[in-house]
Amino acid sequence: ELRESSGLAYSTRQKGILWSINDSFSDAEVFALSEIGKDLGKWRINDVDPRDWEGMDSFRLNGRNYLLIADTGDNLLLRKSVSFLVFEEPYLDSSSEDIDVSWQTNFEFPDGPKDDVEAVAVDTIKSRVLFLNKRELPLRLYSVPLLPSAEKIIAENEAELVPVPRYRSSLESLYGRTAKYLGLPTGMDLFEDRLLITTYRNAYLYDYDALDKPPREIVLPFSGQREAITFGFESGDFAYVSHEREQGTRVANIFEIRFSHQSN
């Protein structure tokens, strides 16, 4: 049922649990799986009508464990406003129970509709949610308040990142015309001073405190359309990457990245 793992988040409550969601125009459901892809159940989210879910993250706040889903996809640049929703991370023994949303925030980007933003991460230290634009340059990191607000919210432009490689002619023999899309950011996660971004091809590790510096490139295997990335349980030393099933039905891989201490 998890046809395209559009978002991926590691549990903040228990080691060994990953959370994921389907892509656009799917039911309002969240899926739990193990680090090796074992099905651990799914939960329906009440009173939500997904339009284009494209990313997710997990975080702790005031002693509670939360999951966040970004409804920010906009391939046709038609959405004047987008949103994210937050709900408490369910327990695995409660898969028969539906989930209530804790809060949902609608917001706009400062220059109007942006191309479909798929990369999201939560910065609990500064109480904000980070979003990364996908197609256009420069590569901009936007922020929105994490906590609910009664005011109209316009995302703030926080930084311009050194862009990841967008196009490599050497990949044309493998990917043909799609080679030019392989450098588009599709997922993001933050742990302390490590900002991790995946594209359709490789992953990139930025110093969150020095975003004007080039990232480290993490070469990943040629396998499917990568959609999401997350750091592991309470650690920036390893991460997990997911992608969509080919034709929506075939087996999809989960990759584990382990960082050497030299990359710190």
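Two strands count as paired if DSSP finds at least two bridges between them. In this predicted model, the bridge partner of Gly-7 is Ile-21, a residue of strand 2.

## The four-stranded sheet

Strand 1 and strand 2, the latter covering residues 17-21, are joined by 4 bridges. The two strands run antiparallel. They belong to an open sheet of 4 strands. Its order is 1-2-3-4, and the pairing is antiparallel. Strand 1 (7-10) and strand 4 (39-44) are the edge strands. Each of these pairs on one side only. From one strand to the next, the twist averages 25°.

## The three-stranded sheet

Strands of a sheet pair through backbone hydrogen bonds, either parallel or antiparallel. Which sense applies to the sheet with the order 17-18-19? The pairing there is antiparallel, in an open sheet of 3 strands. Strand 17 and strand 19 (254-258) stand at the edges. Each has a single partner strand, so one side of each is left without a neighbour in the sheet. The twist averages 20° from one strand to the next.

Strand 18 spans residues 238-243. This strand pairs with strand 19 over 5 bridges, in the antiparallel sense. Opposite Val-241 stands Phe-255 of strand 19.

## Pocket and cavities

Rolling a probe the size of a water molecule over the atoms shows where empty space is left. The largest pocket has a volume of about 540 Å³. Its lining holds 24 residues. Closest to the pocket centre are Ser-58, Thr-124, Leu-190, Phe-191 and Glu-192.

Which strands each supply at least two residues of this lining? They are strand 5 (53-61), strand 9 (119-123), strand 13 (185-191) and strand 17 (226-231). Strand 5 gives the largest share, with 4 residues.

The structure also holds 3 cavities of 30 Å³ or more. The second largest cavity contains about 50 Å³ of space. Of the 14 residues in its lining, Gly-55, Met-56, Gly-187, Met-188 and Ala-228 are the closest to the centre. Strand 1, strand 5, strand 13 and strand 17 each supply at least two lining residues of this cavity. Strand 1 is also an edge strand of the four-stranded sheet, and strand 17 stands at an edge of the three-stranded one.

The two linings divide by residue class as follows.

| Lining | Nonpolar | Polar | Charged |
|---|---|---|---|
| Largest pocket | 9 residues | 7 residues | 8 residues |
| Second largest cavity | 6 residues | 5 residues | 3 residues |

## The loop between strand 6 and strand 7

Strand 6 covers 64-71 and strand 7 covers 82-88. Three residues of the loop between them are described here.

Thr-72 lies in this loop. Is Thr-72 buried or exposed? Its relative accessible area is 2%. The cut-off for buried is under 20%, so Thr-72 is buried. The side chain of Thr-72 reaches the backbone oxygen of Val-117 at 2.5 Å.

Leu-77 is found in the loop as well. At 43% relative accessibility, Leu-77 counts as partly exposed, because that class lies between 20% and 50%. What separates the C-alpha atoms of Leu-77 and Leu-40? The distance is 36 Å, for two residues 37 apart along the chain.

Arg-79 also has its place between strand 6 and strand 7. Its relative accessible area is 8%, so Arg-79 is buried. A polar atom of the Arg-79 side chain lies 2.9 Å from the backbone oxygen of Gly-73.

## Val-120 in strand 9

Val-120 lies in strand 9, one of the strands that supply at least two residues of the lining of the largest pocket. Its relative accessibility is 2%, so Val-120 counts as buried. Tyr-142 is 22 residues away from Val-120 in sequence. In space, the two are 9.6 Å apart, C-alpha to C-alpha.

Conventions:
Residues are numbered from 1 along each chain as its sequence is written. This is a predicted model: local features need pLDDT of at least 70, side-chain atom pairs count only at pLDDT 80 or more; totals for chains, interfaces and linings use all residues. Side-chain values use heavy atoms; hydrogens and water are left out. Axes are lines fitted to C-alpha atoms, for helices over the stretch in contact, and angles run from 0 to 180 degrees between N-to-C directions. On a 1 Å grid over the protein atoms alone, a cavity is a set of points where a 1.4 Å probe fits but cannot get out, and a pocket is an open set with protein on both sides within 12 Å along at least five of seven lines; lining residues have an atom within 4 Å of a point. Grid points are joined across faces, edges and corners, and a volume is the space filled by probe spheres set on the points. Ala, Val, Leu, Ile, Met, Phe, Trp, Tyr, Cys and Pro count as nonpolar, Asp, Glu, Lys and Arg as charged, and the others, Gly among them, as polar. Buried means under 20% relative accessible area, exposed over 50%, partly exposed in between (1.4 Å probe, protein chains only). A polar contact is a pair of N or O atoms within 3.5 Å; within protein, one must be able to donate a hydrogen and the other to accept it, and residues adjacent in sequence count only if both atoms are side-chain atoms.
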